[in-house]
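Here are a few exercises to work through at your own pace. Try each task before reading its solution.

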Amino acid sequence: EYKPEADAEPTDQDTLKFELKIKCSRNSAAGKESNRADDLYVNHNVYSKHIKWLPIGSQSDLYKSADVGPIHSDILITKMRPGQELNLQLLAIKGVAKDHAKFSPVATASYRLLPTIQLTQEVEGDLAVRLQSCFSPGVIKLVENDQGKKVAQVDNARYDTCSRNVFRFNELKDTVIMGRARDHFIFTIESVGALKPDELFLEAVKVLKNKCRVILQQINNVNNQ
C-alpha cells in the first residue's frame, strides 16, 4: 500500500526495511607477490547480495527473503578499501513518478486507437493484389470467389499502421474507408523490470480512477454550493 503521508512512521503494510552493513579489511592470508584486489582485500566489492531484509511486524509470516530482496544478487554497489565500511538502513516504499522519477517502473509507453478499414466495393484480380500491397502484412487477405477470381477482404485491421498508401492510386482510393475506433485503445508498454507490463497498465488505471473520483467530488461540491 501507499504511505498515507510522506513523513508517516513506516508500518508492515507500506514499507520494506533493509540493512547494508559491511566492512572492508585486509586479507591476512594473501600472498606477498599478489597484487590483485580480490586477493589483498576482504569485502572490497559491495554487491546487492549484501543487502539484508529486516522484516517489520508480521512480514516474515507473509514473505520470504527471496521475494522482497534485490532481483539480481551480483549488482555492484560500490568499491571499498581497508578502513572503509558501510552501515546503512534502507526503507523501500511504494510511490508514483509524479513524486520522484525513481518510482517510475515504465520505460516507453504509448497508445493508439484501433484502426478501422471498410471496403466500399468488391476489389478483385490485379487490383486486389495491389490493394493488399498497400497495407501491412496481415491486414488484407485474398480469397477466391465463385468465379475463381482473387477478391480482397479485410483480415485484421489491428496490424494497419495507417500509412494511407492506398490513396496514392486513383483506381483504389474510392474503394476504402479508413478510420479509427474511438472507444478501442491499444497500449504498448515497456517495463524496466520491476513490474510486468500488464501490472503497470492496471496500476495506471487505478491512478486514473482516483483522479476521476477527485474531479467528480469537486463537481459535486460546486453543485451543492
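**Exercise 1: a residue and its core**

Leaving aside neighbours within four places in sequence, L131 is in contact (heavy atoms within 4.5 Å) with L119, V123, I140, A152, V166, L172 and V176. Before going on, note that this is a predicted model, in which local features need pLDDT of at least 70 and side-chain atom pairs count only at pLDDT 80 or more, while totals for chains, interfaces and linings use all residues. Residues are numbered from 1 along each chain as its sequence is written, and side-chain values use heavy atoms, with hydrogens and water left out.

Task: find which residues have the most contacts inside the largest nonpolar core.

Solution. Start with the term: a nonpolar core is a set of buried Ala, Val, Leu, Ile, Met, Phe, Trp, Tyr and Cys residues joined through side-chain atoms within 4.5 Å. Buried means under 20% relative accessible area, exposed over 50%, and partly exposed in between (1.4 Å probe, protein chains only). The largest such core has 14 residues, and L131, F135, V166 and V176 have the most contacts inside it. Next, look at the elements: helix 4 (125–133) and strand 11 (176–191) each supply at least two residues of this core. Helices (H or I, at least four residues) and strands (E, at least two) are DSSP runs, numbered from the N terminus. Finally, a second, separate core has 10 residues, including L20, Y41, W53 and M80.

**Exercise 2: two faces of a strand**

Task: decide which side chains of strand 5 are buried.

Solution. First, recall that side chains in a regular strand alternate between the two faces of the sheet. In strand 5 (residues 51–54), I51 and W53 point to one face and are buried. K52 and L54 point to the other face and are not buried. Then add the partner: strand 1 (residues 15–23) runs antiparallel to strand 5, and 4 bridges join them. Strands pair if DSSP finds at least two bridges between them. L20 has I51 as its bridge partner in strand 5.

**Exercise 3: the cysteines**

Task: work out how many disulfides the structure holds.

Solution. Apply the cut-off, a pair of cysteine sulfur atoms within 2.5 Å. The structure holds 0 disulfides. C134 is in no disulfide, and the nearest cysteine sulfur, that of C162, is 14 Å away. C162 is likewise in no disulfide. Now check exposure: C134 counts as buried because its relative accessibility is 4%. C162 counts as partly exposed because its relative accessibility is 21%.
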